[in-house]
Amino acid sequence: MKKILVASALAIATLSVSPILSAPAIAQAKGVGVADVRVAAARSTAFQTASKQIETTYKAQIDQQQSRGQTLQAEINVLIAKYNEESKKTPQNQAALQAAAKAVQDKRQAAQTELGQIGAPVDLAIAYVEDQISIRMNEAIKAAMTAKKVDLLLNPDAVLARENNVDITDAVVTELNRILPTVSTAVPAGYQPGQLVQQRNQQLMEQARAGQGAATPAAPAPTGNQPTTR
């Protein structure tokens, strides 16, 4: 069974927490916490339920990928054995050795391509689920920070040492479950991985531009008579 994982690019770019923090910003923070958004997404009810639905919906592809993967691995092992046998010969035939090595490499690449094609519908469904969670993650983080009275949130990888009580990942999961209890596993036609996040980012940029435009005072209307030319 294909193991369903959260992709490493879960909406980090959409979060309002800056990954680069200056010493003054840290010093001024009243409450500091850490949270792993990838772990929070994986623990969410929406992702857990969707993962089970994907495993059921795409069981044929998952089983086929696993079965075909075992067959291809056996074929690769035969080629590896031939390479090892060729490498033990004295003197070595460099042309034959290189050909054997190339055969292994080509077979591996072909196997990866074939297995990727078989699992493509599964990967696309996973990406769609992750995308839906990603565009709501920022809301969950903000709500968790408010609930835990945290005004500075760090990624665990950026922390050298901490107490367990500063980790608010569970609080993010709770808020994510409240905000987004379910997601769809039915991939829309024409969907591309990351599409929802890109659309959301575009909306935020347009809203920011509109806000800047509204805040800019209009230029004063010209007064007096226009100069005339002869």
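## A tour from the H3–H6 contact outward

Begin by selecting Phe 47, Ala 50 and Ile 54 in H3 of this predicted model, and then add the residues they meet in H6, namely Val 122, Ala 125, Ile 126, Val 129, Glu 130 and Ile 133. With both helices shown, you are looking at a pair that packs at an angle of about 165 degrees, with axes 11 Å apart. Angles over 145 degrees count as roughly antiparallel, and H3 and H6 are therefore roughly antiparallel to each other. If you turn the view, H3 can be seen to pass H6 in a right-handed crossing.

Keep Ile 133 selected and add Met 137, Ile 168 and Val 172, since these four touch the most other members among the 30 residues of the largest nonpolar core. Helices H2 (37-43), H3, H6 and H7 (169-179) each supply at least two residues of this core, and the largest share, 10 residues, comes from H6. In soluble globular proteins, nonpolar side chains tend to be buried together. To see how one of these members is surrounded, centre on Val 172, which, leaving aside its neighbours within four places in sequence, is in contact with Ala 35, Ala 40, Met 137, Ala 140, Ile 141 and Ala 144.

Next select Gln 132, which also belongs to helix H6. Is Gln 132 buried or exposed? Its relative accessible area is 13%, which is under the 20% limit, so Gln 132 counts as buried. Not counting residues up to four places away in sequence, Gln 132 touches Leu 180, Val 183, Ser 184 and Leu 196.

Move now to helix H4, residues 59-87, whose 29 residues reach 41 Å from the first C-alpha to the last, close to the 42 Å expected at 1.5 Å a residue. The residues to highlight here are Ile 62, Gln 65, Leu 72, Ile 76 and Glu 86, which are the buried residues of H4, and they pack against helices H3 (45-57), H5 (94-118) and H6 (120-147).

The last two stops are in loops. Most residues other than glycine have a negative phi, and most peptide bonds are trans. In the loop between H4 and H5, select Pro 91, where the peptide bond from Thr 90 to Pro 91 is cis, with omega near -5 degrees. Then go to Lys 149, in the loop between H6 and strand S2 (152-154), where phi is near 55 degrees, a positive value in a residue other than glycine. Lys 149 has 70% relative accessibility and so counts as exposed.

Note on methods: Residues are numbered from 1 along each chain as its sequence is written. This is a predicted model: local features need pLDDT of at least 70, side-chain atom pairs count only at pLDDT 80 or more; totals for chains, interfaces and linings use all residues. Side-chain values use heavy atoms; hydrogens and water are left out. Helices (H or I, at least four residues) and strands (E, at least two) are DSSP runs, numbered from the N terminus. The expected span of a helix is 1.5 Å times one less than its number of residues. Buried means under 20% relative accessible area, exposed over 50%, partly exposed in between (1.4 Å probe, protein chains only). Contact means heavy atoms within 4.5 Å. A nonpolar core is a set of buried Ala, Val, Leu, Ile, Met, Phe, Trp, Tyr and Cys residues joined through side-chain atoms within 4.5 Å. Axes are lines fitted to C-alpha atoms, for helices over the stretch in contact, and angles run from 0 to 180 degrees between N-to-C directions. Angles under 35 degrees count as roughly parallel, over 145 as roughly antiparallel, 65 to 115 as roughly perpendicular and the rest as oblique. A crossing is left-handed if the near helix is turned anticlockwise from the far one by less than a right angle, and right-handed if clockwise.
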